[in-house]
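Good morning, colleagues. Please turn to the structure on the screen, which I shall go through element by element.

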Amino acid sequence: MRVCLICEGCYPYVPGGVSGWIQMLCSAFKEIDFVIWSIATTREEMSETVYEMPSNIKEVHTLYLGDVALQKAHRRIVLSRREKDVLRELMTAPAQGIDWSAILELVRKYRQRMSDILMSEAFYDICLEEYQRQESGKVFNHFLWNFRGIYFPLMYILSGEIPQAELYHAVSTGYAGILGSCASYVTGKPFLLSEHGIYTREREEDIIRSQWVDGAFKQIWIDFFKKLSLIAYQQADRVTTLFEMNRTLQIELHCPAQKIQLIPNGVACTEYDKIWRERCRKSDGAVIGAVLRVVPVKDVKTMLLAFDLVKKKVPQAELKIMGNCGEAPAYYEECLELLEELGTQDVTFLGQVNVTAHLPQIDLLLLSSISEGQPLAMLEGMAAGIPFVATNVGNCQELLEGMPGDLLGLAGRIVPVMDSAAMAEAVVDCINNPKLRRQMGETGRMRVETYYSKEAVLKEFRQLYQTVGQGKSGEE
C-alpha cells in the first residue's frame, strides 16, 4: 500500500507531538510506502529536516506558503453563472449551507488555474456584492485585497500536482485537510483524517488574539477555517480523534458522528524501563522539567512566573526547559527578558535535546499550555514514572486523574490556565512530599501501560488503513 501523509507546519521540519506521531507511524509500518506532503511556512524557516526519515518514506513534497506571490500577469478566466454561484457560496455562505461536492468539482475543473480565479471578474463582483451587503466602512480596494489575502494561500496549494497514493491521510483539518479532500475527490481514492487538536478552535483562538488580522476581518478568517474543516469532515471516509471531548467538538463543528473513531496516543513503556529503574534509585530532589516548544500557546511565561514563586519557598529548585527555542524567536526573547526582570536563578533553556537523556534527573514535569490535545510528551513522562503539574487543557485532566471507571488514582496535579500562583502551590506541594510524588509517578506509568499502549494504537491504525483502503476500492 502507498499512503500519502499530509501535514501542516510540522513533519519533517519541526519537532513536536504530531511530528513524533508521524515518525512513529512510518517507522512501525515497514510494509507500507509513505509519501509526505508537507505544508511549510518559508524555505528559510523550514529548509532542513529534523528527523532521520525511515527508508519506507519514498518521497517528500513540500508546499511553501512563503512562495506565494501574486503574479503581475494572470490568464483570463471566465466562470459560468453556475460556477460563479458556487464560488459565491464558498466565499460568503455559512459553512453548513454550502454544497461541498460542487466546490470540489470547481477545484477539480480549474485545479491548475485556481490563482487566476482570484483575479477574475467573478471574484471581483462577489467581493463588491459582499462589500455593499456589509456596508463596510473600509475602502473597497482594502476590502478586496483582504479577501484575496484569505484565499490566495488556499488557491496556491490547490494548484500543484497531487502525489500518487492509494490512500490520503491528513493529520489535521485546515490546509492539510483541504489538500486531502481535493486529492481524494480528484483521484477517487479514500481519505482518512486524524485530528490531534481541534484545528478550527486553535485557529479561532489565534485570530482573536492576533494583531495581524484587521478586526473587521477576524470573523471572516474564522469562518474560512470552519469551512476548510467542514469540507474535510464531509469528504473523509473516516475521522480519528484522541479523546471524547474532541469527538464532541468535532460533532459540534458538523462532523458526522458515525465517521469518528477514538484512537488515543500511545507510548511503549518498555522504551522507558531504563529511565524508570534509574529514577527508582534516585534520591529525592527538586529538579523540575518541561518538554515543550517555546511558543506562546505553551505559555512559558506563566511557568516562569510560577517557578519564581517556587524558588522563594524551595531555594534549591531548578527548572530545565527542553525543546525548540527557535520557532518563535521574539517570544523566546520575551521569556529571557522576563527572567532577567524577575531575577530568577537556576532556569536553563536546553533547546532541542535528547529528552530521554535528561529524564532520569527530573523529579517533576510541568505543562503550562493554554491549548493542547492529548500531549505525547505527557504520556512519555508518565511512562518514565514522572508526575506532572499541568494546566486544565485538552485531555490533561483525564491523563492525570483517569477516565470514568479508571480507579488507578492521581498521576499529578491539575491547575487553572494562566494561574502562576496555583501552579507554584502545586509544585511546592509535590516537591515537599516525595512519597506522594513517587506514588503519582507509579500511577502514571500504570495508566499508560493500561490505556495508552503504543502497540494497541498501531494495531488500530494498521486495521484502519486496511479497511478504509479496501472499502473505497470495493466501491469503484
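I shall discuss a sheet, a helix pair, one serine and two backbone features. Please bear in mind throughout that this is a predicted model.

I begin with the sheet. Six strands form an open sheet in the order S10-S9-S8-S11-S12-S13, and their pairing is parallel. Which strands lie at the edges? They are S10 and S13, each of which pairs on one side only. On average, and ignoring direction, neighbouring strands here are turned by 20° against each other.

At the S10 edge, strand S9, residues 318-322, runs parallel to S10 and is joined to it by four bridges. Within this pairing, Ile321 stands opposite Phe349 of S10. Helix H15, residues 376-383, packs on the sheet and touches S8, S11 and S12. The direction of H15 makes about 165° with that of S12.

At the other edge, S12 (residues 388-391) and S13 (residues 412-415) are parallel, with four bridges between them. One of the paired residues is Phe388, whose bridge partner in S13 is Gly412. Between these two strands the chain passes through helix H16, residues 396-401, giving a right-handed β-α-β crossover.

I turn now to a pair of helices. Two packed helices are described by the angle between their axes and the distance between the axes. For H3 (residues 100-110) and H9 (residues 218-235), the angle is about 95° and the axes are 10 Å apart. H3 is therefore roughly perpendicular to H9. H3 contributes Trp100, Ile103 and Leu104 to the contact, while H9 contributes Lys227, Leu230, Ile231, Gln234 and Gln235. By class, the contact comprises five nonpolar, two polar and one charged residues.

Next, Ser159. Where in the chain does Ser159 sit? Its place is in the loop between helix H6 (140-158) and strand S4 (167-170). The side chain of Ser159 reaches the backbone oxygen of Met155 at 2.7 Å. Beyond its neighbours within four places in sequence, Ser159 is in contact with Arg111, Gln112, Met114 and Ser115. The C-alpha atoms of Ser159 and Val107 are separated by 8.7 Å, although the two residues are 52 residues apart along the chain.

Finally, the backbone. Most residues other than glycine have a negative phi, and most peptide bonds are trans. Asp346, in the loop between helix H13 (329-342) and strand S10 (347-351), has a positive phi, near 65°. Tyr11 and Pro12 are joined by a cis peptide bond with omega about 0°. Pro12 is found in the loop between strand S1 (2-8) and helix H1 (17-28).

Conventions: Residues are numbered from 1 along each chain as its sequence is written. This is a predicted model: local features need pLDDT of at least 70, side-chain atom pairs count only at pLDDT 80 or more; totals for chains, interfaces and linings use all residues. Side-chain values use heavy atoms; hydrogens and water are left out. Contact means heavy atoms within 4.5 Å. A polar contact is a pair of N or O atoms within 3.5 Å; within protein, one must be able to donate a hydrogen and the other to accept it, and residues adjacent in sequence count only if both atoms are side-chain atoms. Two strands pair if DSSP finds at least two bridges between them. A crossover is right-handed if, with the strands pointing away from the viewer, the path from the first strand over the helix to the second runs clockwise. Axes are lines fitted to C-alpha atoms, for helices over the stretch in contact, and angles run from 0 to 180 degrees between N-to-C directions. Angles under 35 degrees count as roughly parallel, over 145 as roughly antiparallel, 65 to 115 as roughly perpendicular and the rest as oblique. Ala, Val, Leu, Ile, Met, Phe, Trp, Tyr, Cys and Pro count as nonpolar, Asp, Glu, Lys and Arg as charged, and the others, Gly among them, as polar.
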